Structures are given as structure tokens and as C-alpha cells.
Amino acid sequence: MKRLMIVLTVALALGGQTVALAQARPDFSGTWRLNVGKSGPNVAGNTPNIPFPSQIAVKQTPTDISVESTSVRQQPVSAVYKLDGSKVTVQTPEGISETGEAKLDGGNLLINSRRSFSSPAGDIVVEFKEVWSLTGNVLTIQKTRTQSGESTTEKSQAVYDKL
Amino acid sequence: MRINLSFAAVSLGILLAATASVQAHHSFSATYDGNKPITLRGTVTKIGWQNPHAHIYVDVKNADGKAVTWEVESAGPTALLKAGLRKEDFVGAEIIIKGFLAKDGTPTVNASSLTLVEAKKEFLTDEKTP
């Protein structure tokens, strides 16, 4: 009887943790518009250090997250990431190829991607690393970009309001 | 902070977004590709010091060692001078350019930041910047 009670107690505790984890899972779904005033310096305009989209449309399911980015100065980029972190192809304008992967890490969404294109300096590969976090109806994205072969990394943070 | 010229890369991030919005007389999107950020490192060979944009010509070596001359559209002289940069600081200097590639495939970029490495004069700078 005592052993049965222990088993039941453990089972209930694990079940409770599972429910708690499910409840803590963030949902980034929605349409998000860049708030330049609350963002870091130089995230928008003609020549941002790191290009942030003006608007992001996100649809999230338990297994996937769809991200469509649009901007005045950039052509649209979209992807449906698997939340298991597997690599997917990002839909990009002609002349650019990009792959990326996403996964949830606690309350954050991590997206890493690699963009390739040709230039007069040869083939360029730029790696982007994004950390998304939610606070109510505010989405914050921290982003770094590093070009292959270069030791310097750019970092910026942008804030988005939910429409 | 004063900089040790022997070892420090004197960095001057030129925040062009604000100045460009004031000074721009043409559309960024018509000429440059916002989806193609690029970093270049090379030696300045010539500078066009005129408003609304200074044009910096930089020899950049490709992977095969062949130098290609890039034209870099930058902020105008007024903004550069405010940031402590004079025309004579550029020619012959090693420079790191971060910006966006031209759409037409030519070696042309619109700069979002300039970094003078081993500058010929001292600047106030932020060590956190490259």
C-alpha cells in the first residue's frame, strides 16, 4: 500500500509539472509592428546596423512557428520553422539563399539562420542569431549578425507591439 | 578614453540612419538591397568629400588576393566632421565598412558604419565597438 502511494504521488507530481510546463510555453502568434522609439539605436531607416523588419506576422502551433517578415526597405522573407530545431529553408528574394532553425528555450524563442549571396567580394555568408522574448503584448528581439571570415559582430535589439 | 594606436582599432561607428534620413536625396531602396548586409575591410584610395554624401573608394582583396575597388556611399562631410573624422584621415587608412550591397551587382555599398583601423589621429571611441 505504501509503495502504491509513493507511485501515485510521483505520478501526480510529474503530471503537474507537465501541465505547468505546457502553461509556461510562450505563444508568439500575432502581428507585430516595430516600435522604433522603444528599440535600440539604428535598427531602422536607410542604413541600420542590423536590418530588422518593420512588421512580423507569426503563427505558432505546438510543433511549428511561421514567421513572415516585411519591411519598407527589405523584400519579404518568410519561413516555417520546426520547433524541434531542425533545419528549414527560408523563403528569400531571388539571389539570396538562407537556411535556419528555431527552438523554444524556456520563455524564449531562438532562431539561428545563415544567409548567402554573391557579391563582387565573392560569396558572402551572414549568420543571424535571434532571441525572442514576450512581455505581455510586447515582443523583444535581440539580434546579432556575423559575416563569415570577419571577427566583428553587430548586435541590436528591437521592440515590437502587437497589433 | 585615449587609444593606444599600436594595438587598438580606432572605431567610429557612424550612425547614418539619422543623417541619411535628413540628407538623402535618393531612395535607398532604389539603389541598395536591404536584404544584403555586407562587411568589407580594405584600404582607402580616394575620397569624394562632398554633400550630401561622401564617397569613399576602398581597395578590398578578394579570396584570390585580387583587389577590387569599392565605392562606399557614406554620410556627408558635416556628419563625418562632427564625428571627428577629417578628409585627410581617410586616404591610405585601413577601414572596415558595414553596410548594404548595391542592387546592380557593382562593387558599391551604402555604409551604416565605418571603422578606421590604426587611425592617424586619436579619437574618442567606445572599446565595445569593433
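In what order do the ten strands of the open sheet in chain A sit? Let's start there, and keep in mind as we go that this is a predicted model.

Reading across the sheet, the order is β4-β3-β2-β1-β10-β9-β8-β7-β6-β5, and the pairing is antiparallel. The edge strands are β4(A), residues 77-82, and β5(A), residues 88-90, and each of these pairs on one side only. From one strand to the next, the twist averages 25 degrees.

Okay, what else is in chain A? One helix and ten strands. Going from the N terminus, you meet the helix and then strand after strand: α-β-β-β-β-β-β-β-β-β-β. The chain has 163 residues, and 28% of them count as buried. If you take contacts between residues at least 6 apart in sequence, 30% join residues at least 24 apart.

Let's walk through some of the strand pairs. At one end of the sheet, β3(A), residues 64-70, pairs with β4(A) in the antiparallel sense, over six bridges. If you want to find that on screen, look for Asp64(A), which stands opposite Lys82(A) in β4(A).

Now go to β10(A), residues 153-162. On one side, β1(A) pairs with β10(A) through three antiparallel bridges. On another, β9(A), residues 138-147, is joined to β10(A) by nine bridges, also antiparallel. A handy landmark here is Tyr160(A): Leu34(A) has Tyr160(A) as its bridge partner, and Leu139(A) stands opposite Tyr160(A) too. β9(A) and β10(A) make a hairpin with five residues between them, and in that turn Gly149(A) has a positive phi of about 90 degrees.

One more stop in chain A: the loop between β1(A) and β2(A), where you'll find Val36(A). Is Val36(A) buried or partly exposed? It counts as partly exposed, because there are 16 C-beta neighbours inside 10 Å and being buried takes 20 or more. Setting aside neighbours within four places in sequence, Val36(A) is in contact with Val43(A) and Ala44(A). Pro76(A), 40 residues along the chain, has its C-alpha atom 19 Å from that of Val36(A).

Right, over to chain B. How many residues of chain B are in contact with chain A? There are 31, and they meet 28 residues of chain A. On the chain B side, the elements giving two or more residues are α1 (16-23), α2 (28-31), β2 (32-48), β5 (94-102) and β6 (108-117). β2(B) gives the largest share, seven residues. By class, that side has 18 nonpolar, eleven polar and two charged residues.

Let's stay with β2(B). Twelve of its 17 residues are buried, so β2(B) is largely enclosed by the rest of the structure. β2(B) pairs with β5(B) in the antiparallel sense over eight bridges, and with β3(B), again antiparallel, over five. β2(B) and β3(B) form a hairpin with six residues between them. Gly48(B) has His55(B) of β3(B) as its bridge partner, while Leu40(B) stands opposite Ile97(B) in β5(B).

Those last two names come back in the nonpolar core. In soluble globular proteins, nonpolar side chains tend to be buried together. Here, the largest nonpolar core has 31 residues, and the members touching the most others are Leu40(B), Val58(B), Ile95(B), Ile97(B) and Val109(B). Two or more residues come from each of β8(A), β2(B), β3(B), β4(B), α3(B), β5(B) and β6(B). β5(B) gives the most, with six. Leaving out residues up to four places away in sequence, Ile97(B) touches Leu40(B), Val58(B), Val72(B), Val109(B), Ala111(B) and Leu114(B). There's also a second, separate core of 22 residues, which includes Phe52(A), Val58(A), Leu139(A) and Ile141(A).

Last residue, I promise: Leu101(B), in strand β5(B). Why does Leu101(B) count as buried? Because it has 26 C-beta neighbours inside 10 Å, and the cut-off is 20 or more. Beyond its neighbours within four places in sequence, Leu101(B) is in contact with Ser119(A) from the other chain, plus Tyr32(B), Asp33(B), Lys36(B), Ile38(B) and Val109(B). Take Asp33(B): it is 68 residues away along the chain, yet the two C-alpha atoms are separated by 5.7 Å.

How values were computed:
Residues numbered from 1 in each chain as written. Chains lettered and ligands numbered in written order. Predicted model: local features only at pLDDT ≥ 70, side-chain atom pairs only at ≥ 80, totals over all residues. Contact = placed C-beta atoms within 7 Å. Helix = DSSP H or I, 4+ residues; strand = E, 2+ residues; numbered from the N terminus. Nonpolar A, V, L, I, M, F, W, Y, C, P; charged D, E, K, R; others polar. Core = buried A, V, L, I, M, F, W, Y, C linked by C-beta atoms within 7 Å. Pairing = 2+ DSSP bridges. Axes fitted to C-alpha atoms, helices over the stretch in contact; angles between N-to-C directions.
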